[in-house]
Amino acid sequence: QVQLVESGGGLVQPGGSLRLSCAASERTFSIPLMGWYRQVPGKQRELVAIISNAGSANYADSVKGRFTISRDNRENTVDLQMNLLKPEDTAVYYCTGSPGGYWGQGTQVTVSS
């Protein structure tokens, strides 16, 4: 069972930046797709960004141009660089790997002045 551990969440002011990191317990090159989802209370978990082993990335429209996903299969990590953060980006962010349905425990991101 692959374990994913997120880090890097916290409190940031609107317009600020955060970098989330996800560390996998096994070699990420064996996980074809890795990505980030987010969830706020009372709403469904939504896709933020996803990246293939070949480095092809897709983003939710709401984060395009502000967020960048990257993966390092040597370090077994997947990162999410978040710039120009908005209050509506506030959520718990989860790292995921598929196929396999792997999920991390989540890290809280709060954007507030």
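Start by selecting arginine 38 and aspartate 89: a polar contact of 3.0 Å joins their side chains. Keep in mind that this is a predicted model.

Stay on arginine 38 and add serine 62. Their side chains are also joined, by a polar contact of 3.3 Å.

Now show the backbone around arginine 38. The residue sits in strand β4, which covers residues 33-39.

Is arginine 38 buried or exposed? Turn on the surface and look. Its relative accessibility is 6%, so arginine 38 counts as buried; the cut-off for buried is under 20%.

Next, select what surrounds this side chain. Leaving aside residues up to four places away in sequence, arginine 38 touches Gln44, Arg45, Glu46 and Val48. Add Ser62, Val63 and Phe67, which arginine 38 touches too. Finish the set with Glu88, Asp89, Ala91, Val92 and Tyr93.

Move on to the sheet. Select β1, β3, β8 and β7, in that order: these four strands form an open sheet with antiparallel pairing. Which strands lie at the edges? They are β1 (4-7) and β7 (67-72), and each pairs on one side only. Look across the strands for the twist, which averages 15 degrees from one strand to the next.

Zoom in on β7 and its partner. Strand β8 spans residues 77-82 and pairs with β7 in the antiparallel sense. How many bridges link the two? There are six. Strands of a sheet pair through backbone hydrogen bonds.

For the last stop, pick threonine 68. Opposite it stands glutamine 81, in β8.

Technical notes. Residues are numbered from 1 along each chain as its sequence is written. This is a predicted model: local features need pLDDT of at least 70, side-chain atom pairs count only at pLDDT 80 or more; totals for chains, interfaces and linings use all residues. Side-chain values use heavy atoms; hydrogens and water are left out. Two strands pair if DSSP finds at least two bridges between them. Axes are lines fitted to C-alpha atoms, for helices over the stretch in contact, and angles run from 0 to 180 degrees between N-to-C directions. Buried means under 20% relative accessible area, exposed over 50%, partly exposed in between (1.4 Å probe, protein chains only). A polar contact is a pair of N or O atoms within 3.5 Å; within protein, one must be able to donate a hydrogen and the other to accept it, and residues adjacent in sequence count only if both atoms are side-chain atoms. Contact means heavy atoms within 4.5 Å.
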